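This report covers one sheet and the enclosed empty space in a single protein model. The sheet is treated before the cavities.

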Amino acid sequence: MGTSSSSMLSLLSIILLLSLSWAASDSVHGAFLQCLSTRSQSSHPISAVLYTPDNSSYSSVLESYIRNLRFNTSATPKPRLIITATHESHIKAAIICSKKHGLQMKIRSGGHDYEGVSYVSDVPFFILDMFNLRSISVDIEDESAWVQAGATLGEIYYRIAEKSKTHGFPAGVCPTVGAGGHFSGGGYGNMMRKYGLSVDNIVDAELVDVNGRLLNRKSMGEDLFWAIRGGGGASYGVIVSYKIKLVQVPATVTVFRVARTLEQNATNIVYQWQQVADKVDDDLFIRLTMDVVNSSRSGEKTVRATFLSLFLGSSERLLSIMNTSLPELGLQSSDCTEMSWVESVLFWTNFAIGTPVEALLDRNPQVLTHLKRKSDYLKEPIPKAGLEGIWKKMIELQTPALTFNPYGGKMAEISPSATPFPHRAGNLCKIQYATNWDEEGSEAAERYINLTRQLYSYMTPFVSKFPREAFLNYRDLDLGINHNGKNSYLEGRVYGIKYFKKNFNRLVRIKTKVDPGNFFRNEQSIPTLPY
């Protein structure tokens, strides 16, 4: 009886504590909404862009920019509020009121953060959703464009091509990615060997800081401008827009996609690709993806190596380069297709040749699935025996795929300290580990995530060391999580050194100066100094 009474009292205590917690949370939520209302401008009322869980559109607004189905379940923590900002005043109000009432802010541009960091949190939070701030102003005479954070890469490419057939921008190959997160984390694509990263071609920016001030490059200063070009903008403020420098592209480019299995000499071709991919003509980018497919032998599996290329020139010149540099692939003129640069974006996104370029304006991804990503850097070629071991491991695991993105060219010419992105000379390629699945549930997720981790572990002898480097925009919480408490700096250093190497210390100093209270924080944000 005594034990039963004791258990009942414990249960009542827990219920009482939870009730008090919920009441306090509701009180904060109400005060937060009141604060937003007080700071609303009559010309741009914030009430028109607020979505609470009792609003009929709340779920559709929340889910419309969730790009990883792992984070779209009933168990996924949901925001107390979504603010779909349409004006700078909404951003300022969100920051000031969030600071005042202690509700964590998550900033979402396109929702492509691989770990859902822009729209999920374990503490009470709201989302500042930037998708309405998507204006793009292209100035061909100045060879520049102002791009708001909520614009997608597809929209940017379309608007550039609308004004010029001989201009482009070096950024990602997925058209539904939002500019805000993509640019602030580095931004790479298939022109990086020619023109570098997106951040190497950004000349100005607008940011709302922790005090609600709208700053540009001149008023924010060169330190902060440096930090938000590859260090992750969400650690420093809310990026409103970037001014990008356009690059020149030929009126006609050439693409190809050629696959070879192990039975078709893939091992030798992949080995040779490693010798030349970072050294060939800067106009040529050949991405290599390896996945497991059915073998021509019944019931068996094999590895397929797919070579996907963009060449900034004619097919005739491309064939000449390929026959000299990578004759093992056996590229034929029939494998090559000439098209405009903007059409090549569609080709790289697996649209059928001839698809109207207006498809770039569609904000809905072609594929929406559960996924896990990881990254590595390759400093020297993997020997053939090593490749054969990798094939064996991949066939054992079956689901995870590997993608090698070649470096060299412009990437090797830019100083590792020019921007926070440090992975420059000395890298043969960047590796992405990619696992996709359709099965629902946490057990399936854990199983597929574990398969990815196993392949990552197997690759350890072949990749960079001390630190084992990683790419910020291939977000990977396996590398460490910051709980933003008293150990924030030490926790942040664990993943920070992998993402930023020696640039991490400068990022921390700038963070400490511009956001000493660590208001702009997330699971992998830049921490402040501990003293």
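Leu378 has Cys429 of strand 18 as its bridge partner. In this predicted model, strand 18 (residues 429–437) pairs with strand 16 over 9 bridges, in the antiparallel sense. Both belong to an open sheet of 7 strands with antiparallel pairing, in the order 15-12-14-13-17-18-16. Strand 15 (336–339) and strand 16 (370–378) stand at the edges with a single partner strand each, so one side of each is left without a neighbour in the sheet. From one strand to the next, the twist averages 20°.

Helix 9 (residues 266–276) lies across strands 12, 13, 14, 16, 17 and 18. Relative to strand 14 (301–311), helix 9 runs at about 40°.

Turning to empty space, the count is 3 cavities of 30 Å³ or more. The table describes two of them.

| Cavity | Volume | Nonpolar lining | Polar lining | Charged lining |
|---|---|---|---|---|
| Largest | about 80 Å³ | 9 residues | 3 residues | no residues |
| Second largest | about 40 Å³ | 7 residues | 3 residues | 1 residue |

Which helix gives the largest share of the lining of the largest cavity? Helix 11 (residues 341–348) does, with 4 residues. The lining of the largest cavity includes Trp341, Ser344, Val345 and Trp348, along with Tyr157, Phe169, Asn190 and Met191. Among the residues around the second largest cavity are Leu62, Ile66, Phe71, Lys78, Tyr119 and Val120.

Technical notes: Residues numbered from 1 in each chain as written. Predicted model: local features only at pLDDT ≥ 70, side-chain atom pairs only at ≥ 80, totals over all residues. Heavy atoms only, no water. 1 Å grid on protein atoms, 1.4 Å probe; cavity = no way out; pocket = protein on both sides within 12 Å on 5 of 7 lines; lining within 4 Å. Points joined across faces, edges and corners; volume = space filled by probe spheres on them. Helix = DSSP H or I, 4+ residues; strand = E, 2+ residues; numbered from the N terminus. Nonpolar A, V, L, I, M, F, W, Y, C, P; charged D, E, K, R; others polar. Pairing = 2+ DSSP bridges. Axes fitted to C-alpha atoms, helices over the stretch in contact; angles between N-to-C directions. Contact = heavy atoms within 4.5 Å.
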